[in-house]
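This report looks at some backbone details and at the packing of nonpolar residues in one protein chain. Please keep the structure in view while reading.

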Amino acid sequence: MESSQASIKALVMKIKEEMFSNLDLHSFVSLSAYDTAWLAMIPNPQQLDRPMFKNCLNWVLNNQNGEGFWGESNAEGLPTIDALPATMACMIALKTWNVGDKNIQKGLAFLDANTKVLLQANNHHLSRQFTIVFTAMVELAQSRGLEFHFRDELKRAMSNIFLDKQQILEMEELDQECQHYPPLLSCLEAFPSTYDIDQQAIARHFDGESSFFQSPASIACEFMVTGSQKCMDHLQNLVQRCPNGVPISMYPIDEELIKLCIVNHIQRLGLEEYFSEEIEEILSQVHRSYTKQQSRPTNLDFVPAKLFKDSLAFRLLRMHGYDVTPWSFCWFLLHEDIVNKIEQNLECFTSTMYTVYRATDLMFKGEYEVEDARSLSRTFLEKAIELDTNDDNSIMVPSFQRLIKRELSPPWMARLDHLDHRLWIEENKVSPLWIGNASSYRFSCLHNEKLMQLAVENYELRQSVYRNELEELKRYGRYISKWSKDWGLSDMGFGREKTTYCYFAVAASSSLPHDSLVRLIVAKTAILITVADDFFDMKGDLNELKCLTGAIQRWDGKGLSGHSKIIFDALDELVSNIAAEHLHRQGSDITINLREIWHETFVSWLVESKWSKTGYVPSIDEYLEFGTTSIATHTIVLPASCFLSPSLSDDKLKPVQYETVTMLLMAIARLLNDIQSYKKEIEDGKTNFVLLHLKENPEATMEDSIAYTKAILDEKKKEFLEHVLMDGFNDLPKICKHLHLSCLKVFQMFFNSANLFDSDTELVHDIKKAIYIPLEYQTVKPIKLPEVVHSRPKKENIITSAHFTHTFKCHGRRSIIRKQFTNVVSANMRGRVIIPTKFEPSTNSTDDPLRVQGHSQHKSNTIQTPMAARSHSVESEKHVGYFP
């Protein structure tokens, strides 16, 4: 264990140095092969036979995947569907300058072997962006003389994609008034030859450093067509800031968003304890600027990014105690056009709605706008699951549907942190955020090898600690088990042996230190509470129970025997050990305080036992007076809080001085238990809150009483969260309040939709995953594609060159670059859409959907790009660069 801790400490120091010292946030954003390729295509205005950005061309040459594709891989190391247009764009860039012949051949081999597989795998959910960009890259590649040997079985799929593109272009509007996000103008580089765009429409989307939704590819295309100085300045700034490749689909980068995502990622990996100072510094900076910024973005096309950031910031800031208004992310509810945009483009907003929904976990009492945001985002997420939007163009993380389902049920309050950390480690191999032009916006830091190694080692260290502590508990509880066996109590269903359950609950619900005494105190206390409560409920007669309660009051076990004697002796040992340890560590004796808490708890059990044995039915107020005590959450969290750092002060252990947050915890736990136990209470002749409400309201049904109880519960949980997270409601140390929250999450987990505490099987798998089963995480390995035997296909199976050169009618000045570049854009939204003749759509599904026609007869009135003055052979897979 010492070696593990030393390894973890060394990793933490390296990560702090790499990620938080001299932080270059642009280095955390994954690079875009697609956008980099577009910059590589731009000719130098002074030397038209050379690229303007030779570093981008060299990046394309040196960053082809070993299997022949460019672009990112998914969680399994397989190319995403976005690798298709990215690979084509990179090959076009190389072909433009007559370099990288071997790269091009490998790319063609990859497309030949994998296009069908990737299209079929995503057949039912190709995004509109992919459809437009993919078809454009096919046409542009052909115009450059790149012949794709697509096989017969691909014909139908290709025909359908071109048909889809035609429908999209016929139905949608160009500018931002359209219903879809992002508008078609953001794919400027992918417009077909029949389109004509008014330059004024383009100018409306160029605002300072932002253009075309921050798409480098679109800006590169606009520059090559118009020679715009604004475009040149923007591109030069981009390449200067990011000399080794273009960030995925977005520039300039929102640095605050990167910082928030880093904090979120570290927390979800379970590593916050190692980076608390760095996290606090980041959140403090974000909060200062967060309170000054406008809520609604001025440009609706930036809604996904803005709403994603605002909801993420709200959750992180509120979780760390910052005062932040819900309207900082609920602003979208006030704008019907935004809500409609989200609903109509759900595949582009799924990750944003996921983040909005998570923000609403931290809802305080009276925040009705957060309730509305939660309801709406939940509805959208449920629709997203139904629509099967789990594709590489719209997901936030791998297996996104599984993460959404886990977020929706069970809710955050009913999930234990340790298992959530495990899920995030195992699922988070790559992490896109929202849709871009041809690929999603990803953060490379979220798959930082050292960070993931730290997360794995930390989780495994915790598992080893938990295994050792659980064994200690089992040794501690031997005489309880022996007592239960010797007296035959196990066969009677009395004295539930819940050592493992109790320890699992406290260990998995919080991130206490590795050597925490607190876990053992909480677990031992919970074990004894379970046994003693069962004794009062099931076994002891009133005389026995009165004697035991009297002995607790005197703290003298003389005269006790049997079960009562065993319970008292176990409790005496526990209290004595806790008090002695506190005296040693803190220098004060809390023996009396601990005895008073336990006495109060035993009295409540005795009162409830008298009610059930005598048939007395209390009022609701009378029931709550004792029921909130008998649930014994205060008996668990308050003594344990004395050993936290900073610790709970001794005076907070006195019943008359319990803080509101403690009393709320007691009430919430009682109501959670009562909702799931009313059937059993009826059988046992006992009562609880649900049954008492039903009795006092004869006109109500059982469903009405449950709904009434849940409504009270919901309001108390909101109030409880505010007391836990915000300052000013009590003077408990923050760590003590968070232990209260962990305790509530345990009760919510046990009684969320059933009584899992009484089940012998429901939690077994979770316990194994938390303590015993190793993580299922490994570094992504490169894929091995099937070997493909290349032979020249018959002529009718070759997709020949249908030139994608066309006229771009602009009303601004024309650059010499335009005269030297094969234009790949054009527009007039109301122009006629033409499917290339070789993709003639089938009107009968039984017919061959594709019939190869002759070359396109459309003629271009633009000048073809002259190839570079010199050509080079490729001698190796890596290149220093062709243009000095």
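A residue is called buried when its relative accessible area is under 20%, exposed when this area is over 50%, and partly exposed in between. The model discussed here is predicted.

**Positive phi angles**

Ala632 has a relative accessible area of 0%, so it counts as buried. Ala632 sits in the loop between helix H27 (620-630) and H28. Its phi is near 70°, a positive value in a residue other than glycine.

Asn98 is not a glycine either, and it has a positive phi of about 55°. This residue belongs to the loop between helix H4 (83-96) and helix H5 (101-121). Is Asn98 buried, partly exposed or exposed? Its relative accessible area is 27%, and therefore Asn98 is partly exposed.

**Cis peptide bonds**

Two peptide bonds that lead into a proline are listed in the table. The bond from Ser409 to Pro410 is cis, and a cis bond also joins Ser645 and Pro646.

| Cis peptide bond | Omega | Loop that holds the proline |
|---|---|---|
| Ser409 to Pro410 | near -5° | between helix H18 (400-408) and helix H19 (417-427) |
| Ser645 and Pro646 | about 0° | between helix H28 (633-641) and helix H29 (660-684) |

Helix H28 thus appears twice in this report: the loop with Ala632 lies between helix H27 and H28, and the loop with Pro646 lies between helix H28 and helix H29.

**A residue in helix H5**

Phe110 is part of helix H5. Why does Phe110 count as buried? Its relative accessibility is 1%, and the cut-off for buried is under 20%. Phe110 and Trp70 are 40 residues apart in sequence, while their C-alpha atoms are 9.9 Å apart in space.

**Nonpolar cores**

Which residues touch the most other members of the largest nonpolar core? They are Phe275, Trp598, Phe602 and Phe750, in a core of 181 residues. Helix H23 (residues 517-539) supplies the largest share of this core, with 13 residues.

Phe275 can be followed further. When its neighbours within four places in sequence are left aside, Phe275 is in contact with Val12, Ile15, Lys16, Phe20, Ile266 and Leu454.

There is also a second, separate core, made of 70 residues. Among its members are Ile42, Leu57, Ala220 and Val239.

How values were computed:
Residues numbered from 1 in each chain as written. Predicted model: local features only at pLDDT ≥ 70, side-chain atom pairs only at ≥ 80, totals over all residues. Heavy atoms only, no water. Helix = DSSP H or I, 4+ residues; strand = E, 2+ residues; numbered from the N terminus. Buried < 20%, exposed > 50% of the residue type's maximum accessible area, 1.4 Å probe, protein only. Core = buried A, V, L, I, M, F, W, Y, C linked by side-chain atoms within 4.5 Å. Contact = heavy atoms within 4.5 Å.
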